[in-house]
Amino acid sequence: MTNSIPKTSSPKDPNNDSSDTKSLTLSAQQFGFLTILPSDILLGIFMHLKQRDSLACMAVCRDWYHTIPQYTQSAWETLTLGARDVKMENKRRICCLGDHVKHVILVGLKSEDIYHTVEKLLTHGCARIESLELNGCQTDDQDGLLEILTKLAPHLTHLKFVGHRSNIAFSHIFTACPELTHFTYQLKVDDWEGSGVYDTEPTIQKSKEPTLVNRPTKITHLCLDVVMNKDTRLYPLLRRCPNLRCFIGPSLYARFDNSETWQYEWVWDCNPVVDGEPWWDYNRISVDIDFLLKMCPNINYLQPYYTYQDFDELGDVDGYTNDTNCTGLRYLSICEDYGGARVARYVTRNQSTLENLFIQPIVREDFDLMYQWSPVFQSLQLPQLRTLHLDITHRDTASLISLLNHCPALEGLYIFSGQLVFDPQTLGSLTKLQRLRSLTCPYLHIDGLCLMMLLDCCPRLEELSLGSPFIPFNIPRYPFNGLNELKHLHISHIEWTDAGDVSDKDEAFASVFQHITANSKLETLSMSWVQHFGPKVLLKVAEISTLKICRLHLDQAHYHSDILREFVEKRPGIQVLAFQSHGDLPSGVLTALSKVPSLKELFVSAYGNNSDTPCAFDGSDMLQLLNNSKLTGIYFQNLVVGKSEQTPCHMDISDLIDQEAPQYYVLNDSKQPNVPFETKPHMVTYATVIKRRNK
């Protein structure tokens with residue numbers, strides 16, 4: 001690296017003799033540009049290095065070993081350590097540590113390893129850690145956990161337990177970390193127990209005084225994804241959080257993990273019905289939202305039941321809670337199980353401040369107990385609402401249209417109800433949703449004319465996801481023609497009607513993309529289970545010049561080598577391609593895909609004539625794809641490596657990759673043995689092939 005930098009000699013000074021000038025020149029050549037360039041220039045260079053790159057630079061020479069760490073501190077603000085890092089033996093990494101380390105993530109560690117690792121970090125100068133995340137860890141020794149948290153307490157503001165494998169002493173942790181503002185606890189689902197094990201705090205040997213354990217905290221964001229008794233444990237915690245602005249409760253997935261858990265937590269048969277609504281025992285686990293808002297009146301973000309499984313999908317929580325002057329709910333995700341009247345009251349009470357509203361369906365499929373939302377929808381005024389999720393059973397389309405007409409700031413609309421029936425007269429009253437960017441209707445039963453009217457009211461759509469629409473071939477113009485801003489299109493289960501007089505259905509369907517092809521900003525296209533999706537449609541898709549991600553469900557006719565080759569030649573800019581085939585992959589398919597220069601990821605899901613029969617592909621084709629492309633990952637499902645000259649019929653996919661494409665490795669490979677298939681006795685039900693990083 002030093003040789004690549006132009007050699008620059010120091011300017012001659014008339015007061016210096018020639019020996020001094022020679023000495024300066026040798027010094028510059030010996031130590032490279034670190035001794036020549038100003039420190040701000042060096043900082044601008046090295047601040048872009050990743051952690052592994054900075055460690056590699058430190059191995060260049062002794063001078064770089066000692067100098068690089070001071071210019072790469074920003075790269076080490078976040079530190080992730082796993083089981084193999086517990087001993088902290090990497091001396092170069094140790095040199096990069098210090099009080100600039102702010103965020104620490106520990107992955108898969110047991111109690112003693114956690115304590116040892118944190119002690120090592122403190123020894124190496126990491127004394128100002130602000131955020132600590134324990135991911136997939138286990139903390140059986142509560143006293144030891146409290147001891148290390150106490151040492152981090154002066155600066156620790158964020159504490160996160162994700163996929164945790166043991167109960168922890170919440171109250172004592174709140175006391176040990178007085179500066180804590182964000183606390184998250186997510187139980188590992190596989191270890192979840194419904195026997196009340198989390199109803200009480202674990203035993204603490206060195207317990208604090210009761211007055212200290214019960215004192216108020218600074219916590220503003222609290223996520224407790226674990227079922228616990230609200231009276232004995234949850235409410236005492238909430239009483240200590242008077243400044244709470246965000247509360248997220250247990251996930252629905254954890255609550256209904258198995259039938260025994262369901263029966264234990266929700267004894268539906270014992271629940272009386274009051275005013276036509278379900279009523280269960282709030283005295284056990286279901287937080288009373290009225291009581292919660294009395295204890296914590298400043299809450300802006302409320303999810304009493306957590307509906308996402310990936311915490312990253314929660315979005316910008318802080319964006320809803322930063323405004324300390326806002327006194328109402330801005331984000332509300334709630335389940336109909338609370339009772340329709342209760343939910344309606346919360347929505348009505350906060351209609352002037354709500355920005356995101358997510359109403360989930362009742363768990364019991366008892367339609368007699370469903371709440372009648374029509375009067376509520378007709379009365380609401382939601383001037384700030386930006387996102388609306390309705391996953392409820394609602395049949396009154398007119399009241400929904402009335403609701404949408406009173407959401408002038410709406411940007412995202414998600415309707416999961418399959419009960420709505422649209423007609424031209426009702427849609428005629430819908431005003432234009434000028435700010436709407438995303439529309440998702442996976443179970444939309446609508447005809448082509450009504451779909452055209454609906455989309456005409458959404459002129460600035462950038463993402464559209466439709467399922468189950470009925471579109472006639474003889475429609476005056478196709479619904480997507482007016483969407484000039486569309487970037488992402490997902491359609492599934494489309495049924496084309498009135499096709500009796502259409503001789504070439506493939507050609508008629510291809511004309512749907514005529515406008516998209518000519519005036520396209522489309523970057524993502526997903527099509528699955530669409531009638532009359534023939535080769536002409538595939539080639540018309542290939543004409544979309546802006547397309548980067550393409551997911552298609554195709555039949556065997558599309559895999560004719562000439563058609564696929566033409567698709568590849570027309571669409572060289574695709575970066576992600578996913579296709580599901582019906583029937584075996586013909587020879588040359590993967591070879592043709594190897595000619596796509598921009599292709600980074602490939603997903604192949606194939607099914608034969610029935611679900612028990614895998615689909616074969618030629619192993620030599622796969623090797624040619626791997627060895628002649630820039631792919632970083634390939635994902636196979638329900639495929640089998642067939643027999644070829646280069647691929648013995650009994651070769652395992654992992655062995656094939658190891659021997660013939662060593663630049664890749666198989667991340668996981670699950671098989672179903674004894675499949676009645678002539679060419680190979682193993683079916684690849686799921687395999688992920690990843691490209692190795694360059695050393």
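**Overall fold, a helix pair and two buried residues**

Of the 695 residues in the protein chain, 52% are buried. The structure described here is a predicted model. The chain contains 26 helices and 28 strands. Its accessible surface amounts to about 32,200 Å². Carbon and sulfur atoms account for 49% of that surface. Among contacts in the chain with a separation of 6 or more, 74% join residues 24 or more positions apart.

Helices 6 and 7 were examined as a pair. Two packed helices are described by the angle between their axes and the distance between the axes. Helix 6 spans residues 111-123, and helix 7 spans residues 142-152. Their axes come within 10 Å and cross at roughly 20°. Angles under 35 degrees count as roughly parallel, so helix 6 is roughly parallel to helix 7. The crossing is left-handed. Helix 6 contributes Ile114, Tyr115, Val118, Glu119 and Leu122 to the contact. Helix 7 contributes Gly144, Leu145, Ile148, Lys151 and Leu152.

Tyr115 of helix 6 shows this pairing at the level of one residue. Its relative accessibility is 13%. Buried means under 20%, so Tyr115 counts as buried. Leaving aside residues up to four places away in sequence, Tyr115 touches Thr139, Asp141, Gly144, Leu145 and Ile148. Tyr115 and Ile148 are 33 residues apart along the chain. Their C-alpha atoms are nevertheless separated by 6.5 Å.

Helix 10 covers residues 230-239. Its buried residues are Lys230, Arg233, Leu234, Tyr235, Leu237 and Leu238. These residues pack against two helices and two strands: helix 8 (170-176), helix 13 (289-295), strand 6 (221-225) and strand 7 (246-248). The N-terminal end of helix 10 is capped by Asn229. There, a side-chain oxygen of Asn229 lies 2.9 Å from the backbone nitrogen of Asp231.

A second buried residue was examined in a strand. His389 sits in strand 13, which runs over residues 387-390. The relative accessible area of His389 is 11%. This value falls under the 20% cut-off, so His389 is buried. With residues up to four places away in sequence not counted, His389 touches Asn356, Leu357, Phe358, Ile359 and Tyr414.

Note on methods:
Residues numbered from 1 in each chain as written. Predicted model: local features only at pLDDT ≥ 70, side-chain atom pairs only at ≥ 80, totals over all residues. Heavy atoms only, no water. Helix = DSSP H or I, 4+ residues; strand = E, 2+ residues; numbered from the N terminus. Buried < 20%, exposed > 50% of the residue type's maximum accessible area, 1.4 Å probe, protein only. Contact = heavy atoms within 4.5 Å. Polar contact = N/O pair within 3.5 Å; in protein donor to acceptor, adjacent residues only side chain to side chain. Areas by Shrake-Rupley, 256 points an atom, 1.4 Å probe, with all protein chains shown as cover. Axes fitted to C-alpha atoms, helices over the stretch in contact; angles between N-to-C directions. Parallel < 35°, antiparallel > 145°, perpendicular 65-115°, else oblique. Left-handed = near helix turned anticlockwise from the far one by under 90°.
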